[in-house]
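Let's take a walk through this structure together, one neighbourhood at a time. Keep the viewer open and follow along as the text moves from place to place.

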Amino acid sequence: MSALLYSGRSLPRWLFLVTALGAAPPLAAQWSGAVELEGRRFAAAPAYPGQQRDGVALRLRALYTREWGEGSDYFTCAPVARIDSADAARSTLDLDELGWTHLMSDSELRLGLRKLFWGVAESNHLVDIVNQTDLVDNPDGESKLAQPMVNLALFGTGGTLDLFLLPGFRERTFPGTAGRLRTPLPVAENPHFEADQGRGHLDWAARWHYSIGTLDLALSGFHGTSREPNLTVDEQGRHLLPFYPLIDQAGLELQYIDDALIWKLEAIRRRGSGQRFSATVAGFEYTFYGLADGRSDATTFVEYSWDGRDAQATYAMDNDLFLGVRFNLNDTSASELMLGWSHDLDGGGEMWMVEGQRRLDDNWRIGLEGRGFQSVDAGEAAYPLRHDTFIQFTLERFF
Amino acid sequence: MRGVAPTLALLLLSGSALANSAEQRGLELALSMDAAESGYGDYTADVTMRLYNRKGEESIRQMRFKTLETTQDGDKSIVIFDLPRDVKGFAALTYAHKQGADDQWLYLPDLRRVKRIASVNQAGPFVGSEFAYEDIGSQEPEQFSYKFVGEQRYEELPVLVVDRFPLDENSGYSRQAVWIDAERHIPLKIEYFDRKEELLKSQIFHDYQLYEGRFWRPAQVEMVNHQVGKRTVVEYRHYAFGTGLNDADLSVEALPRLR
């Protein structure tokens, strides 16, 4: 392992106490996990010096859970390791989860390293701010790093209120010099922070979630160090320097289910480092059931993203239309295939994606993932990736 | 299944115009079947599904069911998946409703995401099996209209045969013929007819066991698809009634911590 994502420098000490809970007398304990082999093939030769062409990665993930106190307490530990043939920054050892959950009558206390998801949209995850994005794992931005947190969830007739204290900032991961899907200049490893305490700044967040019939509504707030860095070229012109500003963000999520039609909206308002902007993603999904053989279905997605920052954003969908379709065969192999296409309405280019998987038997699964970049404009966030169209195959063995 | 008494009164009132007709008799049987099954409060069970393709090759699904009766509306239920291993930790939460579509949520453990989904896909196959979602979910008497067919014998037992017609336009069936044990008021066999009125599937309930002195539950249920030659067998083990499940255990918030 050439890079330990968690070197301990940002790991709060109380997490070690949480680990000790794993040794409490168990009611039920279990292990599970998977080994995954991934091969990535790029369509074109690398564009930047030092980059390897293709890559093979081996991933190992395990999950240990135990439960005690008549189901009132849960301990979870989920280590993940990855070795990559091309990019040293992609060889990592990390924890996907290390936490303790304690249930009380109308509330729940969750302590530790956790991942959570906020949002309703498929193509753009604006509201989802608690966990840092892991761009080394996947360029799609859906892969996240576990965040140290104290989370109190209060349940009531007025919905669910989640309160979070978030100590221990985690930096965004970027591919290393040898990796594809990166910026022309690699991102430096010594970030700057607006907060005096740096990584030690205590962030907080809150989210209220309420359902009325098939309408789901959530409002969220965040104060702390932005998960999204501003990148500037250093004085020698050899690296990009990440700067993490302090921000305030308010988020809104709406979803309404009308039979096979689901309407979605996410919106944020963010202010920080002298900037104020809004961004939104809105659209719908509609599912056609009982296709062809009567068992398959196809879910279509239409989403529009708008971002008030225009193209300054590091990962902005500033005026983009996304169209997608996911086929589910609903067969014994749980075969599914998703195709997506996103188009910049300012003429900035197009991106496509494909994701599929199929179970081979009770223990094995194969997967396919691809991403393509076409005629991306120089001003666009995806411009540096224009030579990085790739396809990858995975083989997974579960245990 | 809950609130049986008021429902019964209502349905009997509305049916009074059809006194003693085949429709009335069918409805009464459906209500007595529902009553025989109700009042358990909550239960949990371990479920194994064996899926057989045309060549007879087997693939196995293992899951745990948790169900809570509610007094006003349909059941609340959770399915937690254990096998195959790629879906371990997936969970589905359903709030069944007497009227209108059910509420349904999925928990996707890889993304730590609870996703609320449309529940109109009643006719779709459950985990690739020959059971459709509507065959697995809680069935309320209000979801069908009925017609009594006649008295017969089925495997040496006296049975009453009732045709029931799904009212939900999303149902995959035009009709279901139900063989009801005349004494215990439990289903022994159901034949499912597709929208073209052709025989699609047969469901046979095997090895009924008595729990808590009043609840008959099958240890095995078999579904044969006559049109494609495939078959699914469901085995129920470790039935436990009155386990003390509450609303919080069957909530959206509970989904991420289920293993």
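A good place to begin is B:Lys88, which is partly exposed, because its relative accessible area is 24%. Before going further, please keep in mind that this is a predicted model. The side chain of B:Lys88 meets that of B:Asp82 in a salt bridge, with N and O 3.9 Å apart. That distance falls inside the 4 Å cut-off for such a contact. The partner, B:Asp82, counts as buried because its relative accessibility is 18%, and the limit for that class is under 20%.

How many salt bridges does a search of the whole structure find? Over all chains there are 51. Another of them to look at is the one between B:Glu235 and B:Arg50, whose closest N and O atoms are 2.9 Å apart. Here the contact links distant parts of the chain: B:Glu235 belongs to strand 13 (residues 230-241) of chain B and B:Arg50 to strand 1 (residues 42-52) of chain B, with their positions 185 residues apart in the numbering. B:Glu235 is buried, given its relative accessible area of 19%, whereas B:Arg50, at 22% relative accessibility, is classed as partly exposed.

Still in chain B, a salt bridge brings together the side chains of B:Lys98 and B:Glu142, at 3.6 Å from N to O. This pair, too, links distant parts of the chain, being 44 residues apart: B:Lys98 sits in the loop between strand 4 (91-95) and strand 5 (103-108) of chain B, and B:Glu142 in the loop between helix 3 (133-136) and strand 7 (144-154) of chain B. Both B:Lys98 and B:Glu142 are buried.

Now turn to the surface, where charges of one sign come together. A patch of negative charge is formed there by A:Asp258, A:Asp259, B:Asp168 and B:Glu169. Within chain A, A:Asp259 is found in the loop between strand 14 (246-258) and strand 15 (261-272). A relative accessibility of 49% makes A:Asp259 partly exposed, since the exposed class needs over 50%.

Next come the strands of chain A. Strands of a sheet pair through backbone hydrogen bonds, in either a parallel or an antiparallel sense. Strand 20 (residues 349-359) and strand 21 (residues 364-374) of chain A show the antiparallel kind, over 10 bridges, and a hairpin of four residues connects strand 20 of chain A to strand 21 of chain A. Across this pairing, A:Arg358 has A:Ile366 in strand 21 of chain A as its bridge partner. Strand 21 of chain A also runs antiparallel to strand 22 (residues 390-398) of chain A, joined by eight bridges. There, A:Arg365 stands opposite A:Glu396 in strand 22 of chain A.

Strand 21 of chain A also holds A:Gln374, which is partly exposed at 40% relative accessibility. The C-alpha atoms of A:Gln374 and A:His343 are 9.7 Å apart, while 31 residues separate the two along the chain.

The last stop is an open sheet of three strands in chain A, with the order 9-13-12 and mixed pairing. Which strands stand at its edges? Strand 9 (192-193) and strand 12 (230-233) of chain A do; each has a single partner strand, so one side of each lacks a neighbour in the sheet. Strand 9 of chain A pairs with strand 13 (residues 240-244) of chain A in the parallel sense over two bridges, and A:His192 stands opposite A:Phe243 in strand 13 of chain A.

Note on methods. Residues are numbered from 1 along each chain as its sequence is written. Chains are lettered from A and ligands numbered from 1 in the order in which they are written. This is a predicted model: local features need pLDDT of at least 70, side-chain atom pairs count only at pLDDT 80 or more; totals for chains, interfaces and linings use all residues. Side-chain values use heavy atoms; hydrogens and water are left out. Patches are made of residues with over 30% relative accessible area and no salt bridge: like charges are joined within 9 Å, nonpolar side chains (Val, Leu, Ile, Met, Phe, Trp, Tyr) within 5 Å. Accessible areas come from the Shrake-Rupley method with a 1.4 Å probe; for residues, only the protein chains shown count as cover. Lys and Arg count as positive and Asp and Glu as negative; His and the chain ends are not counted. The place of a charge is taken as NZ of Lys, CZ of Arg, CG of Asp or CD of Glu. Buried means under 20% relative accessible area, exposed over 50%, partly exposed in between (1.4 Å probe, protein chains only). Two strands pair if DSSP finds at least two bridges between them.
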